[in-house]
Every structure is written in structure tokens, then in C-alpha cells.
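Reader: Could you take me through this structure and explain, step by step, what lies behind the words used to describe it?

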Amino acid sequence: MAPSMMASVPPPVRWWPCSSSSSSSSGTTTGLMKANLFIAINRIIFSSFSSAVFGIGTSFFWAATPDPATVAVVGAIRLTQRNNHGNISELLDNLLRGYDNSIRPDFGGPPAVIEVDIMVRSMGPISEVDMTYSMDCYFRQSWVDRRLEFTGEYNTLALSISMLGRIWKPDTYFYNGKQSYLHTITTPNKFVRINQDGRVLYSSRLTIKAGCPMNLEDFPMDIQRCPLKFGSFGYTSNDVLYRWNSGRSAVAIAEDMKLSQFDLVDCPAGNVTDRVVHSTASVGATVINAANDIDGLDPNAKLYVSEYSMLLVSFHLQRHMGNFLIQVYGPCVLLVVLSWVSFWLNREATADRVSLGITTVLTMTFLGLEARTDLPKVPYPTALDFFVFLSFAFIFATIIQFAVVHYFTKYGSGECYFSADELTSSSDEDSDCGGGNANGDHSHLHSIKISSKRCSAVTSISGAGGTDSKVIEVIPLSVCSIPVTPVRKSSKTSWADLSCFGNKNEDIPPSFASSSFSTPVPSTKRSSLQLSLGGSAQIQRRRKRKKRTPRFNSVSKIDRASRIFFPLLFLAINVFYWFLYLSRSERLPQQHKN
């Protein structure tokens, strides 16, 4: 270190005397000495830092160096991976060398058997208008291709989907499918695996929209059976056969699957054969006689029948009734019960009863139209239509019932009730009331019939002590005329203003005058009835007549009968309706015959 430092020190500066500029030379020499000293110090610091950094880096390098055995293991693994990759690639190349993906397995021999199973993840929507249903499922197909057999340490090869384009696969299509598609997010949802024995497993995730011919006669208590039919599009049963996978459940349903409007109660699966008649000869086709089997064709023409192997699964969907009970059945029943309120209204309340009937009819009409909004326009009535029509018929019958009641209600029909206080007078005219007979007995009940008009009983009830209780007279309105406006000349209106003879100037019948009831007639403009009770003593009393309106009883016998008949009939029809449709839809427990 010393020699280097000595070499870096500049040589001493010699000072030569100069007489003319001694002061300026002295300042310049001092500045040069400071600059040389600063440079020397920086060189020393830099060389020391470089040595320290080099030593630390060397120590770290030797400490991070792996063990030779570890290096050997890692190298062997990498070499094995390269060999495996190379072996699998070589294996696939050997399998696909001379492989023709346009020819089915065992071509010219027995048909290839395609085993299928389905895993349903979700279902819906189910549309009655379009008669379709949708479902999301894993569609798995498995078959044996002897050309893909291999040997090695791996039992199964999980390959990329690009391998599907290089091997043969069945041309499966859905017979009743509509707008089905394969999921492609984030990549196409499908995979392929090959086993050593040449069995190929091809699985894909599909959303299938298929047609479902629905019978809505029992709607909304119906059970729909929606089929899913699929098979080969071009290969006949001589080339390809479809079978359900025997090692798995044919159709599996996810445990968390729920439907908003239906319950999946069953999904039976089976095999079917589709027969197609054509005029072109093909391998394995059967010749039929056109004259015997098909009408309208040339008897000498040759026709051929080809059979296609297909699989069929039927999803049995039972509809939920809760929504329809809340939105249709409940309101219909309440509207029918509301229409029965008119049976408790007076028959004179024409405006009230008519308005109530019209309101319920219009509401029922709107409810019936709203119930068919989500239904197709089928040519037959559904169970819901029958119930809506039944409710509408009961509401309409309520209006017809009132029309009948109103037809038999004449002017003045009904009965008018008067109490004894209303029949006695406190005006200028006195009313004499006959007491009991000489022995203190009183009559109990007297009936009056006036000029062939029906009059109700005039009843007088007296106590044993001679004191009379309230006397009530019932007068039919058909023989009474009630003045609309009171008489202004008199401050008090007499009860005699009520005429029970149809006409005020009508003469009193002789039968009335000869009875035990006497009726004086004070004037020609007014007729009056005077209640008299036979007896030995004449009791005269004056009471202040009260100005009150008579009470009417206008309840029709038809209304009384309707209060019982309509509810019982509606209840009986409902019991028959629900038992019939619940039995047809198999919602009620059935008795199994031995």
C-alpha cells in the first residue's frame, strides 16, 4: 500500500525567487497543493471499498454453491421429464400414425357401442307459451377404439381438446333440441381421456333447450313430462348403438338444484329405436312392401327402413300450486263470498245490490283474463279456467237472483209495523179504548180482513190487573198509503193519514164495522182506525202521539233461501272439483290394487 501511496504523491514544487510578482505566485501554489491533497484522499477511499466488496461477494458465492449430490438429483429429474415428454409425444405419434378419424371403430365389424350418462346441474326456464325447457348439464360419452390401445406406466392419458379433432367421435345430436350450445368461457368446456384398453371418455358442458309437448288440461295441478331424445345423426344401428352407462347413474341430479315453479319428481331413462322410411338402398336397411304398408304409393316401388339407436330420458315436473292459490283461487273465492252480501241487503236497496253485483262481475272478468296471460292459447279449457268460470257463474247468478227478487217486489209490498204508542192519539180527536168485559176478561187476538185485501193480525195483550202492555198492529203496505209530505195545517200528523184501504175516499166495508173493532170516520178526506176492546168498563185515555216513521220488513223469502243455498252449493262443487283434479294429477295417495 505504501509504494502506491508514494507514487501518487506529486513531486515537490520548487520556488524560484522573482522580484516582480512574488505575491501572486504564492497564492497559486497554495491552491495547487489543496487540489493534489483532495485527489490523493479519494484514491485511497475508493481502493479500500473495492477490496471489501470483492471479498464479500466471493464469500457469498462459495456459500451458495449446491452440494454435488443435489445437483445430480435435479439433473436426473429434468432428464426424466424430458424423456417422459418425449415418450408421451412419441406414444401419441405412434397411436395417430395411420389413424383415420373418418372411420368408426371396428369398421366392417360389430357396431360401436356409445355409453352415455348425464349430470344435470340446473334446469330452467320452463315456458308454457313456447312449450320448451332448458337445462345445464355435463354430457359424457364413452366408447372403445382399439386403434388407441397403448402400454406404459400410465393407465390414463388426459389430453388437450385439440386431440378431439384427430380422433373419431360419435355424431350425437338432440332430436328435440332447440338452440343448444357448448360453453366456451374461458375455454371450450370439454375434455378427452384415453385409457390403455382404448376406451375414450369425452365430456362436455352443454346448455340444452329442448321442446316439451305439454298437456295443460289439469293446469295448475298438472305434472309435465318433458323428454330429451338423442342419438346418432348419420349412423344406423348397424354402425353405432347407444346405451346408458352401466357403471353410473344414467341421469344424475345435482343436490343443490332447485326450480322456481316445479319439482323434479322423477327422471326415468330408456332406449328407443327410430325408424326412417326411404327409397334409397343402404347397408342394413330392410325392404318393405309399399302396397301393404303405405297408402298412396306405387305397389311396385321398393322402400327401405333404416333403424337408428337413440336414448330417451323423461323429466317429470310437478307444478307448484302456491302461487296460483294466492293470486287466483283465493281472490275468486273472496269475490264469490262478497257477492253474497247482497242477500243481507233490503230488496228496496236496488242501487246497492246492482252496484255490488256489477263490481264483482267486472273484477272477476279481469282476474280470469289475467290468469291466462302466461298460458298458450290452447283449444281446450284448463282446470283453472273451470274454476274461474265457476266463480263467474256464481257471481252472475247472484245478479240474476236479485232480478227475480226485484220482479216480485211490487210497490207497497212488505209490512209496516206500528206500536201502540203510535196508534193512540193526543190531538183534538179522542180515541176510546175498550177495556175488558164485565168479568174483567180481555180478548187476546183478533184478525181483520178488509175488502179481499190481506191484512195482518191486530194483537192486543193485556195484563191480569187491567193494565195494557204495548199493542202492535201489523198492516200490509199494499193497503196503506204513506203521505210523502206532511200536512202543514196541523202541527202534528195523525196516524190516520195512513190509509189501509188503498184509496182515502174508499168506504169502510160492512164487515169491518160489524166487528168488535169500531172505526169512526171524522171526515171524508181522512179515514181512521180506532182500536176498541170489548168489556163492561170504558177506559178513556189520551196519549200524545209521536211523530215517527213506520218500520219496514222487506226481506224476501228468496233472499232467505239464497243465504243457505248458494254457500252450500258452492262448497259442494268445490269439494268435487278439488277431489277430481287432485286425483287425476296423482297428487292424492293412490290405493294400490293387489
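Author: We can begin with two helices that run in nearly opposite directions, since helix 6 and helix 7 are described as roughly antiparallel to each other. Please keep in mind throughout that this is a predicted model.

Reader: What makes helix 6 and helix 7 roughly antiparallel?

Author: The axes of helix 6, residues 350-371, and helix 7 cross at roughly 165 degrees and come within 10 Å. An angle over 145 degrees counts as roughly antiparallel, and therefore helix 6 and helix 7 receive that description. Their crossing is left-handed.

Reader: Which residues of helix 6 and helix 7 meet?

Author: On the side of helix 6 they include Arg353, Val354, Gly357, Ile358, Val361 and Met364, and on the side of helix 7 they include Leu384, Val388, Phe392, Ile395 and Phe402. Sorted by class, the residues of this contact between helix 6 and helix 7 are eleven nonpolar, eight polar and one charged.

Reader: Why are helix 5 and helix 7 called roughly parallel?

Author: Helix 5, residues 322-339, packs against helix 7, residues 383-407, at an angle of about 15 degrees, and their axes are 9 Å apart. The cut-off for roughly parallel is an angle under 35 degrees, so helix 5 and helix 7 fall into that group. Helix 5 passes helix 7 in a left-handed crossing. Among the residues that make the contact are Val328, Cys332 and Leu335 of helix 5, together with Phe387, Phe394 and Thr398 of helix 7. By class, this contact of helix 5 with helix 7 holds twelve nonpolar and three polar residues, with no charged ones.

Reader: How do you know that helix 5 is roughly antiparallel to helix 10?

Author: Here the axes of helix 5 and helix 10, residues 557-584, cross at roughly 155 degrees and come within 12 Å. Because an angle over 145 degrees is needed, helix 5 counts as roughly antiparallel to helix 10. The crossing of helix 5 and helix 10 is right-handed. Leu325, Tyr329, Val333 and Val336 of helix 5 make the contact with Phe570, Tyr577 and Trp578 of helix 10, and by class these are seven nonpolar residues, with no polar and no charged ones.

Reader: Why is the pair of Arg319 and Glu128 called a salt bridge?

Author: The closest N and O atoms of Arg319 and Glu128 are 2.5 Å apart, and the rule asks for a side-chain nitrogen of Lys or Arg within 4 Å of a carboxyl oxygen of Asp or Glu. Arg319 lies in strand 14, residues 302-319, and Glu128 in the loop between strand 1 and strand 2, so the pair ties together parts that are 191 residues apart in sequence. By this rule the count comes to 15 salt bridges.

Reader: What makes the peptide bonds at Thr186 and Pro220 worth pointing out?

Author: Most peptide bonds are trans, and most residues other than glycine have a negative phi. The bond from Ile185 to Thr186, however, is cis, with omega near 0 degrees, and Thr186 is found in the loop between strand 5 and strand 6. A cis peptide bond also joins Phe219 and Pro220, with omega about 5 degrees, and Pro220 lies in the loop between strand 7 and strand 8. As for phi, Asp106 has a positive value near 55 degrees although this residue is not glycine, and Asp106 lies in the loop between helix 3 and strand 1.

Reader: How do you know what confidence the predictor has in the chain?

Author: The mean pLDDT of the chain is 73, and 59% of its residues reach 70 or more. Over residues 425-479 the pLDDT is below 50, and this stretch has 128 contacts in the model beyond near neighbours in sequence. Residues 481-537 also have a pLDDT below 50, with 112 such contacts.

Terms used: Residues numbered from 1 in each chain as written. Predicted model: local features only at pLDDT ≥ 70, side-chain atom pairs only at ≥ 80, totals over all residues. Heavy atoms only, no water. Axes fitted to C-alpha atoms, helices over the stretch in contact; angles between N-to-C directions. Helix = DSSP H or I, 4+ residues; strand = E, 2+ residues; numbered from the N terminus. Parallel < 35°, antiparallel > 145°, perpendicular 65-115°, else oblique. Left-handed = near helix turned anticlockwise from the far one by under 90°. Contact = heavy atoms within 4.5 Å. Nonpolar A, V, L, I, M, F, W, Y, C, P; charged D, E, K, R; others polar. pLDDT = per-residue confidence, 0-100.
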